[in-house]
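The following exchange works through a protein model and asks, for several of its labels, what supports them. Each answer sets a value beside the criterion it has to meet.

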Amino acid sequence: MPRCRWLSLLLLTIPLALVARKDSNKNEMVVLRKLKPVNASNANVKQCLWFAMQEYNEESEDKYVFLVVKTLQAQLQVTNCLEYLIDVEIARSDCRKPFSTNEICAIQENPKLKKKLSCSFLVGALPWNGEFTVMEKKCEDA
């Protein structure tokens, strides 16, 4: 029985080793699996989106925290890591920065302060290591 476990572990590590190789001709990462839709309720998608929003709010000069209103789509691509392309609609909340995790925030209702954006985040993830990187982000008025 232990021999079967080792064989299974070996077979699982081979694809990971292949994922990390680069195309030496172009010095680019090889795409092992192109973008394919993934369920927005997937735990890795949620982690990536949480991380992207943390970074967005830290870098934003807005005085208020932005929250995700709606996840429009999520896609996964496999390269040297898992790359999640997540399209969302975000809006300004009624919580001011710095944000405390025990605060309960709602979407801003004041017409003068309302603001919505459509954003695309490309997040590289090695979730089994707890590593996340926002590789690209693009936001525009919704």
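Q: In which strand does Asp-87 lie?

A: Asp-87 lies in strand E5, and it should be said at the outset that the model is a predicted one.

Q: Why is Asp-87 called buried or exposed, whichever of the two applies?

A: The relative accessible area of Asp-87 is 14%, and the term buried is used for values under 20%, so Asp-87 counts as buried.

Q: What makes the pairs that Asp-87 forms with Gln-73 and with Ser-120 polar contacts?

A: A polar contact requires a pair of N or O atoms within 3.5 Å, one able to donate a hydrogen and the other to accept it. The side chains of Asp-87 and Gln-73 are joined at 2.7 Å, and the side chain of Asp-87 meets that of Ser-120 at 2.3 Å, so both distances fall within the cut-off.

Q: Which residues does Asp-87 touch, not counting those up to four places away in sequence?

A: Asp-87 touches Lys-70, Thr-71, Leu-72, Gln-73, Cys-119 and Ser-120. As for Ser-118, its C-alpha atom is 7.3 Å from that of Asp-87, although the two residues are 31 apart in sequence.

Q: How do you know that strand E5 and strand E6 pair, and in which sense do they do so?

A: Two strands count as paired if at least two bridges are found between them, and strand E5 (residues 82–96) and strand E6 (residues 116–126) share ten bridges in the antiparallel sense, so the criterion is met. Among the bridge partners, Ala-91 is matched with Lys-116 in E6, while Tyr-84 stands opposite Val-123 in E6.

Q: What makes E6 and E7 a pair as well?

A: E6 and E7 are also joined by ten bridges in the antiparallel sense, and since at least two are required, they count as paired. Ser-120 stands opposite Lys-138 in E7, and Leu-126 has Glu-131 as its bridge partner in E7. In the hairpin of these two strands, four residues lie between the strands, and Gly-130 takes a positive phi near 70 degrees.

Q: What is the order of the strands in the open sheet, and why do E3 and E7 stand at its edges?

A: The open sheet has five strands in the order E3-E4-E5-E6-E7, with antiparallel pairing. Strand E3 (33–37) and strand E7 (131–141) each have a single partner strand, so one side of each is left without a neighbour in the sheet. Neighbouring strands of this sheet are turned by 30 degrees against each other on average, direction ignored.

Q: How do you know that the span of helix H2 is close to the expected one?

A: Helix H2 (residues 43–59) has 17 residues and reaches 24 Å from its first C-alpha to its last, which is close to the 24 Å expected at 1.5 Å a residue. At the start of H2, a side-chain oxygen of Asn-42 comes to within 2.6 Å of the backbone nitrogen of Asn-44.

Q: Which residues of H2 are buried, and what do they pack against?

A: The buried residues of H2 are Asn-44, Val-45, Cys-48, Leu-49, Ala-52, Met-53, Tyr-56 and Asn-57, and the buried residues of this helix pack against strand E4 (64–78), E5, E6 and E7.

Q: Why is Phe-132 called buried?

A: Phe-132, whose place is in strand E7, has a relative accessibility of 17%, and because the cut-off for buried is under 20%, the label applies. Leaving aside neighbours within four places in sequence, Phe-132 is in contact with Gln-47, Cys-48, Phe-51, Val-123, Gly-124, Ala-125 and Pro-127. The C-alpha atoms of Phe-132 and Cys-48 are separated by 6.9 Å, although these residues are 84 apart along the chain.

Q: What makes Gln-75 a buried residue, and which residues does Gln-75 touch?

A: Gln-75 has its place in strand E4, and its relative accessible area of 15% is under 20%, so Gln-75 counts as buried. Beyond the residues up to four places away in sequence, Gln-75 touches Leu-35, Lys-36, Pro-37, Val-38, Glu-83, Tyr-84 and Leu-85.

How values were computed:
Residues numbered from 1 in each chain as written. Predicted model: local features only at pLDDT ≥ 70, side-chain atom pairs only at ≥ 80, totals over all residues. Heavy atoms only, no water. Axes fitted to C-alpha atoms, helices over the stretch in contact; angles between N-to-C directions. Buried < 20%, exposed > 50% of the residue type's maximum accessible area, 1.4 Å probe, protein only. Contact = heavy atoms within 4.5 Å. Expected span 1.5 Å × (residues − 1).
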